[in-house]
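Student: I should like to take a close look at the salt bridges in this model. Which side chains pair, and how exposed are the partners?

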Amino acid sequence: MFQFLEAQRATEFEKELQALIMQYDKKFELARNNAELEKQLEEQQAIDLAELRKKFSDKTAEEEKKANERRIKGEQTVLE
């Protein structure tokens, strides 16, 4: 079950990452030959990538916590 969730989450991450990359590719194309704008785009892109990674790492941690809680409840039920 966890492997399925991990694969699904990776797919969601990859989709959002691809969309972000495409969005910035367009912006960089428009900013070509404008060093100041390119620098600003690079800085914002780094921020957006970090936020995307954090979003999915937080989801991973929460799902692992829930899975562990269910496993512990199941073990307690068996022991009772």
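Tutor: The answer below begins with the chain as a whole and then takes each salt bridge in turn.

The model is a predicted one. The protein has two helices and zero strands. Of its 80 residues, 12% are buried. The exposed area comes to about 6,600 Å², and carbon and sulfur atoms supply 55% of that area. Among contacts with a separation of 6 or more, 62% are between residues 24 or more positions apart.

Against this background come the charged pairs. Side chains of opposite charge can pair when their charged atoms come close. The cut-off applied here is a side-chain nitrogen of Lys or Arg within 4 Å of a carboxyl oxygen of Asp or Glu. By that rule, the protein has three salt bridges.

One of them joins E16 to K55, with the closest N and O atoms 3.0 Å apart. This pair connects distant parts of the chain, since E16 belongs to helix α1 (residues 2–30) and K55 to helix α2 (residues 35–79), the two being 39 residues apart. E16 has a relative accessibility of 31% and therefore counts as partly exposed. K55 is likewise partly exposed, because its relative accessible area is 35%. For both residues the class follows from the limits used, because partly exposed lies between under 20% for buried and over 50% for exposed.

Another salt bridge is formed by R32 and E29, whose closest N and O atoms are 2.2 Å apart. Here the partners fall into separate classes of accessibility. R32 counts as exposed, because its relative accessibility is 51% and the class begins at values over 50%. E29, by contrast, has a relative accessible area of 47% and so is partly exposed.

The remaining pair to describe is K54 with D58, whose side chains meet in a salt bridge with an N to O distance of 2.9 Å. K54 and D58 are separated by about one helical turn, because they are four residues apart in helix α2. K54 is partly exposed, with 49% relative accessible area, and D58 also counts as partly exposed, at 40% relative accessibility.

Taken together, the pairs can be placed as follows. E16 and K55 link helix α1 with helix α2, whereas K54 and D58 both lie in helix α2. As for R32 and E29, the former is exposed and the latter partly exposed.

How values were computed
Residues numbered from 1 in each chain as written. Predicted model: local features only at pLDDT ≥ 70, side-chain atom pairs only at ≥ 80, totals over all residues. Heavy atoms only, no water. Buried < 20%, exposed > 50% of the residue type's maximum accessible area, 1.4 Å probe, protein only. Contact = heavy atoms within 4.5 Å. Areas by Shrake-Rupley, 256 points an atom, 1.4 Å probe, with all protein chains shown as cover.
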